[in-house]
Amino acid sequence: MKIRENYSLKALNTFGLDAKARYFCTLHKLSGIRTLTAWQQEHPDLPLLFLGGGSNMLFVNDYPGLVVHMRLETLEVLGQDADYHYVRAGAGNNWHEFVRWTIDQGFAGLENLSLIPGTVGAAPMQNIGAYGVELKDHVYEVQALDWRTAELRDFSVDECCFAYRDSYFKSVEPDRWLIIAVVFRLPRHPQWKTDYAGVQEQLQDKVLDARMISDAIINIRQTKLPDPAQIGNAGSFFKNPMIPVVQWENLKVQFPTMPGWPQQHEVKLSAGWLIDQCGWKGKREGDAGTYAKHALVLVNHGNATGAEVWNFAQGVIASVQDKFGITLEPEPRVL
Ligand SMILES: Cc1cc2nc3c(=O)[nH]c(=O)nc-3n(C[C@H](O)[C@H](O)[C@H](O)COP(=O)(O)OP(=O)(O)OC[C@H]3O[C@@H](n4cnc5c(N)ncnc54)[C@H](O)[C@@H]3O)c2cc1C
C-alpha cells in the first residue's frame, strides 16, 4: 500500500474543496491495515482519518495526518431464514449501487435509502436515514476493526447505539473503529413505507415493489437536492433540532406556523424551516451559499474554500439562535 504526501482531496469530497492530506493512502485489502499500524508507530503524534465518499465532511483546513480512503468492495449473500435474507457488504462499496444490487437480488428493505451518496462503511456512522427509514432498521451487525490493535469485533445493533444521525462509532469512540463490512437483515415480507410527502403522489395506486419505490425516491431526490457533480454540497448541513416540549409550546405561541414532530420526550423541529424563516434560502456570500430550492443545503458554487463555507454556516447558526433561541448543530464532520 503506497502512502503519498500532500495529496489533494478535491475529487474525494462532495463539497469539492481543495484541501490537502499531508499523507494519503487507499485501502483495497484488509492486509493493508498492517501498514497503517506501522505508520502510526512511526508517527505517533499525527492523526488518522477514514474517508469514504467524502459526502459528509467539510474540510476547513488541510488534514495534518494520514487520510485512508476505504475501498474494500466485497458483496455476498449469506443466506436466509423464515423472515430475512442476510447480505454482507464491504465498507468501500458505493451505498446507492449496493441498494440497487439488493433490489436486483429480489431483496427489499433499503429502497427508501436510494441515492444517498457515500459508502456502505460510513452509513452506520450517522445511521443514515431518509423517507421514514433509517439504516438501523435493517442492520444485523457491523464488523469493525480496532486499527491500532487489529482486534476484529462484530457489533450487534444494540451495541452500535444507533440514534438520530448518531452511533457508537461517531460519538462514543470516534476514529477508533474502522468499519470493514456491514451485515444486513432484509425482510422477506416487507412493509412498504410510502407515507412520506411526495412518495404517495409518485406511486399513486400501483402495486408496489422495492424497485418502483426506489425509482420514485430517486425521482424526488433528483428534483429536490443538488447533484454534487454539478454543485458542491454535503446534503443537509444541519441536524433537525430536538427541543423540550415546554420550549416547543412557548415557541408555538410566538410562531404559530412552526412545524414540529413530537418524539418520546422531545419535539423535532425542521432546521430547513428555521433557516428559511431567517431569510437564508438561496443566499450567497462569494461562492458559499444555501441551495435555492432547499435552505438546509449549504453549497459551494465553485471556488469557495472550506473556511468560507464554515463562516457562512456560522452566520446561519447565529441568526437562527437570535430569532428562535435554538442552536443548530452541523450534520457533516467539520475538520
Ligand atoms: C446530496 C447529498 C444528499 C444526502 N442525503 C442524505 C440523506 O438523505 N440521509 C443521510 O443520512 N445522509 C445524507 N447525506 C450525507 C452522506 O451522504 C451520508 O452521511 C453518507 O453515509 C456519508 O458517506 P461517505 O462514505 O461519503 O462518508 P465520508 O464523508 O467519507 O465520512 C463520514 C464519516 O464517516 C467516517 N468513515 C467513513 N468511512 C468509514 C469506515 N469505513 N469506518 C469508520 N469510519 C468511517 C469518516 O471518518 C467520517 O467521520 C447526503 C449527502 C449529500 C451530498
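Start by selecting D83, which sits in the loop between β6 (75–80) and β7 (84–90). Keep in mind as you look around that this is a predicted model. Is D83 buried or exposed? Neither quite fits: its relative accessible area is 44%, so D83 is partly exposed, falling between the cut-offs of 20% and 50%. Now show what surrounds D83: leaving out residues up to four places away in sequence, D83 touches L186, P187, R188 and H189. For a sense of scale, add E249 to your selection. D83 and E249 are 166 residues apart in sequence, and their C-alpha atoms are 43 Å apart in space.

**The sheet beside this loop**

Next, select β6, β7, β12, β10 and β11. Together they make an open sheet of 5 strands in just that order, with antiparallel pairing. Which strands are at the edges? They are β6 and β11 (151–156), each pairing on one side only. From one strand to the next, the twist averages 20°. Strands of a sheet pair through backbone hydrogen bonds, either parallel or antiparallel.

Zoom in on β10 and β11, which run antiparallel and are joined by 6 bridges. To see one pairing, pick D146 and look for its bridge partner in β11, E151. Then turn on α2, a helix that lies across β6, β7 and β12 and runs at about 40° to β6.

**Into the core**

Now colour the nonpolar residues. The largest nonpolar core has 39 residues, and W95, F98, V142, F169 and F184 have the most contacts inside it. At least two residues each come from β7, α2 (95–104), β10 (139–146), α3 (168–172), β12 (177–187), α4 (199–203) and α5 (210–224). In soluble globular proteins, nonpolar side chains tend to be buried together.

Select F184 for a closer view. Setting aside neighbours within four places in sequence, F184 is in contact with residues including H85, Y86, V87, W95, F98, L110, V139 and Y140. Apart from this core lies another, of 33 residues, among them L58, M258, A271 and V320.

**A helix and its cover**

V320 is also one of the buried residues of α8, so select that helix next. How many residues does helix α8 have? It has 19, residues 306–324; at 1.5 Å a residue they should span 27 Å, and the end C-alpha atoms are indeed 27 Å apart.

Highlight the buried residues of α8: G306, V309, F312, A313, V316, I317, S319, V320 and F324. An α-helix has 3.6 residues a turn, so residues three or four places apart point the same way. What covers these buried residues of α8 includes β4 (57–58), α6 (245–254), α7 (271–277), β17 (284–285), β18 (288–291) and β19 (294–300). Just after α8, look for G325, which takes a positive phi of about 70°.

**Three more loop residues**

Move to the loop between β11 and α3, where you will find C161 and R165. C161 has a phi near 50°, a positive value in a residue other than glycine, and R165 likewise has a phi near 50°. C161 counts as partly exposed at 40% relative accessibility, whereas R165 counts as buried at 13%.

Finish at T14, in the loop between β1 (4–8) and β2 (20–27). T14 counts as buried, because its relative accessibility of 16% is under 20%. A polar atom of the T14 side chain lies 2.6 Å from the backbone oxygen of N233. Beyond its neighbours up to four places away in sequence, T14 touches G53, G54, S55, P228, G232, N233 and A234.

Notes:
Residues are numbered from 1 along each chain as its sequence is written. This is a predicted model: local features need pLDDT of at least 70, side-chain atom pairs count only at pLDDT 80 or more; totals for chains, interfaces and linings use all residues. Side-chain values use heavy atoms; hydrogens and water are left out. Helices (H or I, at least four residues) and strands (E, at least two) are DSSP runs, numbered from the N terminus. Buried means under 20% relative accessible area, exposed over 50%, partly exposed in between (1.4 Å probe, protein chains only). Contact means heavy atoms within 4.5 Å. A nonpolar core is a set of buried Ala, Val, Leu, Ile, Met, Phe, Trp, Tyr and Cys residues joined through side-chain atoms within 4.5 Å. A polar contact is a pair of N or O atoms within 3.5 Å; within protein, one must be able to donate a hydrogen and the other to accept it, and residues adjacent in sequence count only if both atoms are side-chain atoms. The expected span of a helix is 1.5 Å times one less than its number of residues. Two strands pair if DSSP finds at least two bridges between them. Axes are lines fitted to C-alpha atoms, for helices over the stretch in contact, and angles run from 0 to 180 degrees between N-to-C directions.
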